[in-house]
Amino acid sequence: MDLVQIIQHSDVPAGVINLLTAQNPDAIAKVLAEHEDVDAIWFFGGAEGGMAVEEASISNMKQTWVADGSQIDWSGMKSEKLLLKSTQVKNIWVPYGV
């Protein structure tokens, strides 16, 4: 929950990041994946919930990152992998010249 405090005191606008916690994350995973107003889901619950997220997000082309029931070692995670999953790169070409 330290992340919540950091986000609350940062310049990130309200509603950009929504963090949900639950006793049984598998129960709400499918509902969130099917919701049209949710753009992406990182799901780190059980394997059954991960499969539900992947299947439910196909119809609305939602970006997902699921752990498939395995534990993620956040301390040993390379920052490159986290960066690739958490950002979206877009190129904008601005023509100029004479």
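Lys30 forms a salt bridge with Glu34, and their closest N and O atoms are 3.0 Å apart. The model is a predicted one, and this salt bridge is the one that the structure holds. Both Lys30 and Glu34 lie in helix H2, where four residues, about one turn of the helix, separate them. Lys30 has a relative accessibility of 43%, so Lys30 counts as partly exposed. Glu34, at 40%, also counts as partly exposed.

Helix H2, which spans 25–34, also takes part in the largest nonpolar core. This core has seven residues: Ala29, Ala33, Ile41, Phe43, Val53, Ala56 and Val66. At least two of them come from each of helix H2, strand S1 (40–43) and helix H3 (47–56). Ala33 can serve as a starting point for looking at this region. Leaving aside residues up to four places away in sequence, Ala33 touches Ile41, Val53, Ala56, Ser57, Asn60 and Lys62.

After helix H2 comes a loop that leads to S1, and Val38 lies in that loop. Is Val38 buried or partly exposed? Its relative accessibility is 23%, and a residue is buried under 20%, so Val38 counts as partly exposed. With residues up to four places away in sequence again left out, Val38 touches Leu32 and Lys62. The C-alpha atoms of Val38 and Asn18 are separated by 9.6 Å, while the two residues are 20 residues apart along the chain.

The next part to follow is the pair of strands. S1 and strand S2 (residues 63–66) run parallel and are joined by four bridges. The chain goes from S1 through H3 to S2, and this β-α-β crossover is right-handed. Within the pairing, Ile41 has Thr64 in S2 as its bridge partner. Ile41 is also one of the residues of the nonpolar core, and Ala33 is in contact with Ile41.

In a regular strand, side chains alternate between the two faces of the sheet. The strands also hold an aromatic pair, and the count of such pairs comes to one. The ring centres of Trp42 and Trp65 are 4.8 Å apart and the ring planes stand at 85°, so the pair is edge-to-face. Because Trp42 lies in strand S1 and Trp65 in strand S2, the pair ties together parts that are 23 residues apart in sequence. How exposed or buried is each ring's residue? Trp42 counts as partly exposed because its relative accessibility is 36%. Trp65 has a relative accessible area of 7%, so Trp65 is buried.

Note on methods. Residues are numbered from 1 along each chain as its sequence is written. This is a predicted model: local features need pLDDT of at least 70, side-chain atom pairs count only at pLDDT 80 or more; totals for chains, interfaces and linings use all residues. Side-chain values use heavy atoms; hydrogens and water are left out. A nonpolar core is a set of buried Ala, Val, Leu, Ile, Met, Phe, Trp, Tyr and Cys residues joined through side-chain atoms within 4.5 Å. Buried means under 20% relative accessible area, exposed over 50%, partly exposed in between (1.4 Å probe, protein chains only). Helices (H or I, at least four residues) and strands (E, at least two) are DSSP runs, numbered from the N terminus. Contact means heavy atoms within 4.5 Å. A salt bridge is a side-chain nitrogen of Lys or Arg within 4 Å of a carboxyl oxygen of Asp or Glu. Two strands pair if DSSP finds at least two bridges between them. A crossover is right-handed if, with the strands pointing away from the viewer, the path from the first strand over the helix to the second runs clockwise. Rings of Phe, Tyr and Trp (its six-membered ring) pair if their centres lie within 6.5 Å; planes under 30 degrees apart count as stacked, over 60 as edge-to-face and the rest as tilted.
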